Amino acid sequence: MQKLLLRIAEAAELASLGRSKAYELVATGEWPSVRIGRAVRVPRDGLIDWVERQRDMTEGTGDDHRLPR
């Protein structure tokens, strides 16, 4: 079973980005995040949507190449 919420470091690894960049993306609101007490998590679906939007901006529509959830 896949996690619904990822730690920022896990989201960074999944997106093949550095931890610092991932924290920056969360801090600026570019990546969606959920706060549970002091913990900050990135929803897996939100991360996948962000990646698809980035790809669409660079490759055109690309709707037929959706990432698995």
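Tutor: Patches are made of residues with over 30% relative accessible area and no salt bridge (a side-chain nitrogen of Lys or Arg within 4 Å of a carboxyl oxygen of Asp or Glu); like charges are joined within 9 Å, nonpolar side chains (Val, Leu, Ile, Met, Phe, Trp, Tyr) within 5 Å. This is a predicted model, in which local features need pLDDT of at least 70 and side-chain atom pairs count only at pLDDT 80 or more, while totals for chains, interfaces and linings use all residues. Residues are numbered from 1 along each chain as its sequence is written, and side-chain values use heavy atoms, without hydrogens and water.

Student: Which residues form a nonpolar patch on the surface?

Tutor: Leu-4, Leu-5, Val-34 and Ile-36 do, with about 360 Å² of accessible area together (Shrake-Rupley method, 1.4 Å probe, only the protein chains shown counting as cover for residues).

Student: Is Leu-47 buried or exposed?

Tutor: Buried means under 20% relative accessible area, exposed over 50%, partly exposed in between (1.4 Å probe, protein chains only). Leu-47 has 3% and is buried. Contact means heavy atoms within 4.5 Å; beyond four places in sequence, Leu-47 touches residues including Leu-6, Leu-14 and Trp-31.

Student: Which residues are buried in helix H2?

Tutor: Helices (H or I, at least four residues) and strands (E, at least two) are DSSP runs, numbered from the N terminus. In H2 (residues 19-27), Ala-22, Leu-25 and Val-26 are buried. They lie on the same side of H2, because their arc around the axis is only 100 degrees (taken from the directions from the helix axis to the C-beta atoms). The face turned away from that buried side carries the exposed Ser-20 and Ala-27.
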